[in-house]
Amino acid sequence: MKNYFLPALLTFFVGQASLVQAQVKQEAPLVSISTHDAFFDQLRQLCGKAFEGKVAVDNPKSEGFEGRLVMHVRKCTDTQLQIPFHVGDNHSRTWIITKTGSGLSLKHDHRHADGSHDAQTMYGGHTLDAGWNNVQSFPADQYSKELFARLGGAQSITNVWQIFIYPTSFSYRLTREGREFRVNFDLTKPVGIPQTPWGY
């Protein structure tokens, strides 16, 4: 009597080994959509360059933006852009734009001159929709709302930040009820690279 069990068992194990060999191991993908990619890639093309800007709208008038205004697209990876915003001798501000897999995040890293973090730092927002290739909006995220409330700045809970990127200009805009601020940078005239921002 022939033993049919052994060949069948061998066939089973060979099949299992083939399945194991056929498995592909990959990291989970960081997904994105075309408008976010186009916006991010336009900014990344400016990496290593600095540009001078001017306050275009400041209503009501605020203090702290006197002096030469320079943005520097300083550090770029496939998922993050770090853009220090220098105001005269104040090198405390860095805008951080990050691909999150659910859109784009904008954070404001604020430092003291010794490099330590300001109490009000890493506030910002996250895209809620597709936006456009040239414009993205970042309504305040929950961390920022709670930070503003805790530090006595409840009026900032409704902040919406916008960034505009066109061939000849870059603009950073903040809006909320009763407040609008916008600074425009001329991309046609690169300027000298400013000093390293505080804490970096």
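User: Before we turn to single residues, what do buried, exposed and partly exposed stand for here?

Analyst: Buried means under 20% relative accessible area, exposed means over 50%, and partly exposed covers what lies in between. The model is a predicted one, and of the 200 residues in its protein chain, 38% count as buried.

User: Why is Cys47 called partly exposed?

Analyst: The relative accessible area of Cys47 is 31%, and since buried requires under 20% and exposed requires over 50%, that value falls in between, so the term is partly exposed. Cys76, with a relative accessible area of 22%, is likewise partly exposed.

User: How do you know that Cys47 and Cys76 form a disulfide?

Analyst: The S to S distance between Cys47 and Cys76 is 2.2 Å, and the rule asks for cysteine sulfur atoms within 2.5 Å, so the pair qualifies. By this rule the count comes to 1 disulfide. Cys47 sits in the loop between helix H2 (34–44) and strand S1 (50–59), while Cys76 belongs to strand S3 (residues 75–76), so the link ties together parts that are 29 residues apart in sequence. The link of Cys47 and Cys76 is right-handed, with 115 degrees about the S-S bond.

User: What makes Asp141 buried rather than partly exposed?

Analyst: Asp141 has a relative accessible area of 17%, and because buried means under 20%, the value meets that condition. The residue is found in the loop between strand S8 (135–139) and helix H3 (142–150). Leaving aside residues up to four places away in sequence, Asp141 touches Lys107, Gly124 and Gly125.

User: And why is Pro60, which is also in a loop, called partly exposed?

Analyst: Pro60 has a relative accessible area of 44%, which is neither under 20% nor over 50%, and therefore the residue is partly exposed. Its loop is the one between S1 and S2. When residues up to four places away in sequence are not counted, Pro60 touches Gly178 and Arg179. The C-alpha atoms of Pro60 and Gly178 are separated by 7.7 Å, although these residues are 118 apart along the chain.

User: How do you know that S2 pairs with S1 and with strand S4?

Analyst: Pairing requires at least two bridges between two strands. S1 and S2 have 4 bridges in the antiparallel sense, and S2 and strand S4 (residues 80–87) have 3 bridges, also antiparallel, so both pairs satisfy the condition. As examples, Ala50 has His72 in S2 as its bridge partner, and Leu69 stands opposite Val87 in S4.

User: Which way do the side chains of strand S2 point, and are they buried or exposed?

Analyst: From strand S2 (residues 69–72), Leu69 and Met71 point one way and Val70 and His72 the other way, and all are buried. In a regular strand, side chains alternate between the two faces of the sheet.

User: What makes up the lining of the largest pocket, and how is its character divided?

Analyst: The lining has 24 residues, of which Phe65, Gln120, Tyr123, Leu174 and Arg176 lie nearest the centre of the pocket. The lining divides into 10 nonpolar, 10 polar and 4 charged residues. Strands S5 (90–99), S6 (104–110), S10 (169–176) and S11 (179–191) each supply at least two residues of that lining, and S10 gives the largest share, 3 residues. About 470 Å³ of space lies in this pocket.

Definitions and conventions
Residues are numbered from 1 along each chain as its sequence is written. This is a predicted model: local features need pLDDT of at least 70, side-chain atom pairs count only at pLDDT 80 or more; totals for chains, interfaces and linings use all residues. Side-chain values use heavy atoms; hydrogens and water are left out. Buried means under 20% relative accessible area, exposed over 50%, partly exposed in between (1.4 Å probe, protein chains only). Contact means heavy atoms within 4.5 Å. On a 1 Å grid over the protein atoms alone, a cavity is a set of points where a 1.4 Å probe fits but cannot get out, and a pocket is an open set with protein on both sides within 12 Å along at least five of seven lines; lining residues have an atom within 4 Å of a point. Grid points are joined across faces, edges and corners, and a volume is the space filled by probe spheres set on the points. Ala, Val, Leu, Ile, Met, Phe, Trp, Tyr, Cys and Pro count as nonpolar, Asp, Glu, Lys and Arg as charged, and the others, Gly among them, as polar.
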